[in-house]
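Hi everyone, thanks for coming. Let's walk through a fold together, starting with the sheet and then moving to the helices and the cores.

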Amino acid sequence: MRIISGNFKGRRFQAPDNLPARPTTDAAKESLFNILGNHLEWEDLNVLDLFAGIGSISLEFVSRGAAEVHAVDSHRGCVKFIEGMAQKWGMDNLHVFKQDAFEYLKKSRFSYNLVFADPPYQLENIARIPDIVLGSDCLVQDGFLVLEHSGKYHFGQDPRCIEERRYGKVHFSFFRKI
């Protein structure tokens with residue numbers, strides 16, 4: 001894995017094999033950030049990374065200059081890995097929470113311009129994530145939700161879904177809170 005752009009561009013990292021993560025491929029991540037770069041100003045961005053895994057997306061947001069990034073994952077090993085990377089690279093604006101993503105959304109008092117959710121593909125309630133996130137106070141008005149998912153799901157009929165993209169087996173659905 002590598003950081004694609006920003007202050008930490010080109011830095012590589014490798015998570016231990018014993019972590020239950022399915023990192024977003026570099027090609028899909030690069031495409032994702034190209035799309036987001038057309039809609040957002042990195043410096044003003046408060047980001048929530050749900051189901052953060054090894055934190056590849058969180059690290060990329062910090063590298064590109066996001067104001068604050070909160071990474072949430074329920075696996076202790078993943079949380080420790082992200083914390084270690086943030087400390088190693090001096091990322092003071094990356095904060096990691098060991099918590100279930102849905103519980104975090106219920107209890108959080110933070111507001112975000114962008115929520116990125118990359119749940120395990122076998123998670124049963126993936127289809128409910130847009131309703132949960134877009135209906136919460138965590139996402140500001142006109143904020144974005146990006147949901148990474150398998151080809152099993154299609155959200156194009158949802159009026160809040162503004163775009164869908166596919167990169168191999170990786171699918172991104174982009175939503176806007178209106």
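Before we look at any pairing, here is the rule: two strands pair if DSSP finds at least two bridges between them. Helices (H or I, at least four residues) and strands (E, at least two) are DSSP runs, numbered from the N terminus. What you see is a predicted model, where local features need pLDDT of at least 70 and side-chain atom pairs count only at pLDDT 80 or more, while totals for chains, interfaces and linings use all residues. Residues are numbered from 1 along each chain as its sequence is written, and side-chain values use heavy atoms, with hydrogens and water left out.

Now, the sheet. In general, strands of a sheet pair through backbone hydrogen bonds, either parallel or antiparallel. Here, strand 1, residues 46-50, runs parallel to strand 2, and 5 bridges join them. Leu50 sits opposite Val72 of strand 2. To get from strand 1 to strand 2 the chain passes through helix 2, and this β-α-β crossover is right-handed. That term has a viewing rule: with the strands pointing away from the viewer, the path from the first strand over the helix to the second runs clockwise.

Then comes another crossover. Strand 2 and strand 3 are also paired in the parallel sense, over 5 bridges, and Val72 has Phe97 of strand 3 as a bridge partner. The chain goes from strand 2 through helix 3 to strand 3, again in a right-handed β-α-β crossover.

So what is the strand order of the open sheet of 7 strands? Reading across, the order is 3-2-1-4-5-7-6, and the pairing is mixed. The edges are strand 3 and strand 6 (161-167), each of which pairs on one side only. On average, neighbouring strands are turned by 15° against each other, direction ignored. For these angles, axes are lines fitted to C-alpha atoms, for helices over the stretch in contact, and angles run from 0 to 180 degrees between N-to-C directions. At the strand 6 edge, strand 6 and strand 7 pair in the antiparallel sense over 6 bridges, with Glu164 opposite Ser173 of strand 7.

Next, the helices. Helix 1 lies across strands 4, 5, 6 and 7, at about 20° to strand 7. Helix 2 lies across strands 1, 2, 3 and 4, and runs at about 175° to strand 2.

Is helix 2 mostly covered or mostly open? Mostly covered: 8 of its 8 residues are buried. Buried means under 20% relative accessible area, exposed means over 50%, and partly exposed is in between (1.4 Å probe, protein chains only). The cover over these residues includes helix 1, strand 1, strand 2, helix 3, strand 3 and strand 4. After helix 2 comes Gly65, with a positive phi near 105°.

Two residues in helix 2 deserve a stop. One is Glu60, which counts as buried because its relative accessibility is 0%. Setting aside neighbours within four places in sequence, Glu60 is in contact (heavy atoms within 4.5 Å) with Arg2, Ile3, Ile4, Ser5, Lys29 and Phe33. Its side chain reaches the backbone nitrogen of Ser5 at 3.0 Å.

The other is Ser56, buried because its relative accessibility is 4%. The side chains of Ser56 and Lys29 are joined by a polar contact of 2.8 Å. A polar contact is a pair of N or O atoms within 3.5 Å; within protein, one must be able to donate a hydrogen and the other to accept it, and residues adjacent in sequence count only if both atoms are side-chain atoms.

Finally, the cores. A nonpolar core is a set of buried Ala, Val, Leu, Ile, Met, Phe, Trp, Tyr and Cys residues joined through side-chain atoms within 4.5 Å. Which of the 40 residues in the largest core touch the most other members? They are Leu32, Leu36, Phe61, Leu94 and Leu114. Helix 3 supplies the largest share of this core, 7 residues. Apart from it lies another core of 23 residues, including Phe51, Cys138, Tyr153 and Cys161.

Back at strand 2, 5 of its 6 residues are buried. Thanks for listening!
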